[in-house]
Each structure stands twice: as structure tokens, then as C-alpha cells.
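Student: I should like to learn how to read local backbone geometry, helix packing and a ligand shell in a model. Could we take these features in turn?

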Amino acid sequence: MKITLDEHSRAFAQKISDMIGQNIDGCYQCGKCTAGCPIAYTMEFSPHEVIRLVQLGGEEEALTSHTIWLCASCETCTSRCPKNIDVAAVMDALRILAFGQGRTEAEKEITLFHKLFLKVIERFGRVNDLHLMGRYNLLTLNPLKDWRLGRKLLAKGKLKLTTPPVKGLREFQEIFRRVRANQSEEQ
Ligand code: SF4
Ligand code: SF4
């Protein structure tokens, strides 16, 4: 069956294609991207469904979905696609659009989470789960939210109280400093 899109739907699909520099019409919904996605089970639209939404101009559904914020940008989907469709880039593009339009209602605290994530990375040079989740839960006024899980992970040695130093931390922190300086100049 041939599907005819209205002008708005076509424009949305085209915008995403322009942003990622690729036409995603070739996706034939094989589902290999979803089969490899480590967190597809948490998503209301799995990766291949997101691609279908974009093909059909489902702007509202795509931009207000939890899926785009849950995606961890691991690029497994992209590497598995037999049609070389950059699924991870589509997720990026959707996040950029949603953030630009202030449409983060699906994950209200997502901006805070990303800011804290970057602070932790700048400070330690790598992720420190305890530090990140502790601060996030405190600032969202839910300090005990993950304590049961945290206790289990600590007992199994999956959560570390300390973060081993990384090589070249100063140089790494210098990148953050330069990015901030460039941003100030641009403003
Ligand atoms: S793996 Fe590629 S072709 Fe298959 S559903 Fe995903 S995006 Fe479409
Ligand atoms: S990049 Fe996102 S959608 Fe793709 S496999 Fe990783 S988490 Fe899933």
C-alpha cells in the first residue's frame, strides 16, 4: 500500500534526513537495530519504531517520547543495520529538536541529569555512578530512591566508592575549560 504523507509530515521526515545527512527511506523494518539495543526493553517506541515514526512524519509522538532520552548513544543499532541507516544519529537529531523546542516533558529532569553527568565526567574523567546518582537523587528531592539497588550493587562490587584516577585528567579538564570559554565568546 502506498502511503501519502501530508506536507507537514514530509517536512519533518526531510528535516531529520537533512540533520543526519542521510535518507532513511531505505529502512525496511527488519528490526535488527532493536534486537541489538541494550535498553530497547525500557522504551515505549523501540529503535525500528522510531525510524518508522520519522518516515511517517510522526513528529509529536517522536519528540515527546521517553525513548529519545533513554537512548544511550551506544551506536549498536547503527552498526547492526543492513541498510547502513544511522539510527543513533536519528535519536540524536530528535533529542536536539526536542531540546531546542523545550519539549523535554517526557523526562522532566533530563537537563539536570546531563549537566550532572558532564560535571562528574569533568571532575573524574570518567563516570562515577555513586556520585552521579547520589547528586541526581538529592537534587530531585528523592535521596533514597535507589538505595536498595545501590546496596546490592555495592555488595557485589559493581558500584565503587572511589574512582581510580585517569591518565591525562588535567588535559581532559582543559577541554571543558576551552569549550566553556568558546561558549562565553559566542554569547
Ligand atoms: S536495522 Fe536498519 S533497516 Fe532494519 S529496522 Fe533498523 S533501521 Fe530499519
Ligand atoms: S544508540 Fe540508542 S537506540 Fe541505538 S542501540 Fe544504543 S541505546 Fe539503543
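Student: Which residue just after H10 takes a positive phi?

Tutor: The model before us is predicted. In it, Gly157 follows just after H10 and has a positive phi of about 75 degrees.

Student: How many of the nine residues of H10 are buried?

Tutor: A residue counts as buried if 20 or more other C-beta atoms lie within 10 Å of its own. In H10 (residues 147-155) the number buried is zero, so this helix lies largely in the open.

Student: At what angle do H3 and H7 pack, and how far apart are their axes?

Tutor: Helix H3 spans residues 47-55 and helix H7 residues 87-100; they pack at an angle of about 60 degrees, and their axes are 10 Å apart. The crossing of H3 and H7 is left-handed.

Student: Which residues meet where H3 packs on H7?

Tutor: From H3 come Pro47, Val50, Ile51 and Val54, which meet Val87, Val90 and Met91 of H7. By class, this contact has seven nonpolar residues, with no polar and no charged ones.

Student: Which residues come nearest to ligand 2?

Tutor: Of the 14 residues around ligand 2, the nearest are Cys37, Cys71, Cys74, Cys77 and Ala88. Two elements, helix H6 (76-80) and H7, give two or more residues to this shell.

Student: Which element gives the most to the shell around ligand 2?

Tutor: H7 gives the most, with three residues. By class, the shell around ligand 2 has ten nonpolar, three polar and one charged residues. H7 thus appears twice in our reading: in the packing with H3 and in the shell around ligand 2.

Definitions and conventions. Residues numbered from 1 in each chain as written. Chains lettered and ligands numbered in written order. Predicted model: local features only at pLDDT ≥ 70, side-chain atom pairs only at ≥ 80, totals over all residues. Axes fitted to C-alpha atoms, helices over the stretch in contact; angles between N-to-C directions. Helix = DSSP H or I, 4+ residues; strand = E, 2+ residues; numbered from the N terminus. Left-handed = near helix turned anticlockwise from the far one by under 90°. Contact = placed C-beta atoms within 7 Å. Nonpolar A, V, L, I, M, F, W, Y, C, P; charged D, E, K, R; others polar. Buried ≥ 20, exposed ≤ 12 C-beta atoms within 10 Å, placed from the backbone. Near = placed C-beta within 6 Å.
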